[in-house]
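Biologist: Please take a close look at a single part of this model and describe its surroundings. I would like the reasoning spelled out wherever a label depends on a cut-off.

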Amino acid sequence: MTYSQIILNKGKEFSLLRFHPWVFSGAIAKKDQYLKDGDLVEVYSNKLDFLGMGYYAGGSIAVRIISFVKTIIDENFWFEKINKAYQYRIQLNILNENTNVCRLFFGEGDGAPGLILDYYDGHVVFQAHSWGVYIQKENISNAIIRVLGTELKSIYDKSSETISKHFTEKTKNGFLFGSIETEDVLVKENNHVFKIDFINGQKTGFFIDQRDNRKLLGKYCKNKSVLNTFSYTGGFSVYASKSGANKVDSVDVSQGAINLCEENIRINDVHNHQCFVEDTFEFLKDKKNSYDVIILDPPAFAKSRDSKHNAVTAYKRLNATAIKLIKKNGIIFTFSCSGVIDKMLFYNTITAAAIEAGRNIKILHYLYQPADHPVTPYFSEGEYLKGMVLWVE
Ligand code: SAH
């Protein structure tokens with residue numbers, strides 16, 4: 001098997017030698033003029049030393065590296081990659097008798113940019129974030145079948161909204177293996193049950209990355225009144241209700257999300273909960289001294305560097321509002337899932353919000369994404385979720 005070769009400009013090999021998996025278009029000295037998006041390529045330094053293999057794309061990130069050694073990219077290659085990711089999660093006991101939902105493969109963190117696999121009790125949602133991954137989907141789905149064996153119930157391709165617009169016409173969401181025709185998908189996370197609608201829900205159906213943070217929330221909710229803003233399908237709400245809160249209110253603008261939230265509350269048999277389909281900022285207007293615990297987990301306010309400034313303003317406004325209105329000795333779980341807002345900037349934004357609110361704050365915890373969303377020192381861009389737990393006097 002031969003692959004097309006790309007040769008870099010002099011001095012542009014260093015990031016690859018440090019295992020950073022992106023090659024920017026400006027680093028390229030020579031490439032085949034007929035290269036198409038998604039083609040597999042080998043990358044060489046200007047001195048013709050082999051550096052890595054990956055998929056080519058026409059944009060500013062020209063190659064995404066999937067192997068730093070020479071190999072053949074076939075079903076076996078994907079089997080090794082996905083099996084390694086699966087075994088890592090088994091070894092860390094992320095999948096266990098109380099939890100059967102996790103991110104099975106997290107892009108660069110697991111060694112293949114653009115590939116996301118989420119595992120819902122045997123159902124796997126495949127999400128390609130680049131065309132290069134998408135055209136490997138048959139190899140990838142055959143590899144998943146081998147890795148999971150009889151445990152596998154279905155594989156659903158949900159790539160049409162994550163692939164570049166350029167290719168959306170060529171993609172259609174649907175099952176690559178099995179189906180869910182006859183069942184509701186119910187999963188357990190730390191023994192809390194959630195119904196998952198990966199076909200119609202946002203992202204792959206559930207925000208798996210908040211598992212550890214939801215568990216921590218449970219410790220602070222006994223006999224408290226809790227507000228979960230941007231609640232989506234009620235992940236934090238279920239934990240709060242189950243851990244003995246007096247009252248839990250969930251707020252989300254999406255009626256579909258709230259419908260599933262109500263179902264999740266019912267499935268978990270809790271009776272201290274109310275849902276509101278409303279904009280969080282509107283909802284908070286008349287809620288002074290109503291809650292002991294508030295969760296702020298908004299969608300990514302900044303999706304790119306251009307929107308960073310507006311995002312910081314929005315995070316500051318949201319947090320200052322919550323800090324002002326929370327009851328005395330209240331607790332706020334606050335998050336940002338914007339990759340471009342790094343942890344220092346988030347910390348500074350929360351500090352600014354506290355100063356604006358004029359109340360005394362203690363920082364109880366710094367929070368991150370869990371181990372099934374691995375961050376490597378070679379690719380710090382993979383760190384996107386950050387949070388803080390605040391005590392407000
Ligand atoms: N905390 C959730 C995930 C939040 S995702 C969990 O653990 O599952 C962000 C949610 O915010 C989405 O459900 C989206 O519908 C909702 N949303 C976006 N803008 C909003 C707004 N202005 N007010 C309320 N909800 C909003």
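**From a buried leucine to an aromatic cluster**

Modeller: Leu-95 has a relative accessibility of 12%, under the 20% limit, and therefore counts as buried. The model is predicted, and what follows should be read with that in mind. Leu-95 belongs to the loop between helix 2 (75-91) and strand 7 (101-106). Apart from neighbours within four places in sequence, Leu-95 touches Tyr-86, Arg-89, Ile-90, Asn-100, Val-101, Cys-102 and Tyr-119. As a reference for the region described next, the C-alpha atoms of Leu-95 and Tyr-156 are 20 Å apart, with the two positions 61 residues apart in sequence.

Tyr-156 is a member of an aromatic cluster, together with Tyr-120, Phe-175 and Phe-198. The structure holds 22 aromatic pairs. In the pair of Tyr-120 and Phe-198, the ring centres are 6.1 Å apart and the planes meet at 15°, under the 30 degrees limit, so this pair is stacked. The pair spans 78 residues of sequence and links distant parts of the chain: Tyr-120 is in strand 8 (residues 115-120), and Phe-198 is in the loop between strand 13 (192-196) and helix 5 (211-218). With a relative accessibility of 0%, Tyr-120 is buried. Phe-198 has a relative accessible area of 1% and is buried as well.

Phe-198 also pairs with Tyr-156, at 5.5 Å centre to centre and 45° between the planes, a geometry that counts as tilted. Tyr-156 lies in strand 10 (residues 154-157) and Phe-198 in the loop between strand 13 and helix 5, so this pair ties together parts 42 residues apart in sequence. Tyr-156 is buried, like Phe-198.

Two other rings have an arginine over them. Arg-146 lies over the face of Phe-79, 4.2 Å from the ring centre. For Phe-281, the charged end of Arg-317 sits over the ring at 4.3 Å from its centre.

Helix 2, which precedes the loop of Leu-95, also takes part in a pocket lining. The pocket in question is the second largest, with a volume of about 590 Å³. It is lined by 23 residues, and those closest to its centre are Phe-68, Lys-81, Lys-84, Asp-110 and Gly-111. Helix 2 contributes the most to this lining, with 6 residues. Strand 6 and helix 2 each provide at least two lining residues.

Strand 6 (residues 61-67) has 7 of its 7 residues buried, so the strand is largely enclosed by the rest of the structure. Strand 6 runs antiparallel to strand 2 (residues 22-24), and 3 bridges join the two. Val-23 has Val-63 of strand 6 as its bridge partner. Strand 6 also runs antiparallel to strand 5 (residues 50-56), here with 4 bridges. Tyr-55 stands opposite Arg-64 of strand 6. The connection from strand 5 to strand 6 is a hairpin through 4 residues.

Methods
Residues numbered from 1 in each chain as written. Predicted model: local features only at pLDDT ≥ 70, side-chain atom pairs only at ≥ 80, totals over all residues. Heavy atoms only, no water. Buried < 20%, exposed > 50% of the residue type's maximum accessible area, 1.4 Å probe, protein only. Pairing = 2+ DSSP bridges. Phe/Tyr/Trp six-rings, centres within 6.5 Å; stacked < 30°, edge-to-face > 60°. Lys NZ or Arg CZ within 6 Å of the ring centre and 35° of its normal. Contact = heavy atoms within 4.5 Å. 1 Å grid on protein atoms, 1.4 Å probe; cavity = no way out; pocket = protein on both sides within 12 Å on 5 of 7 lines; lining within 4 Å. Points joined across faces, edges and corners; volume = space filled by probe spheres on them.
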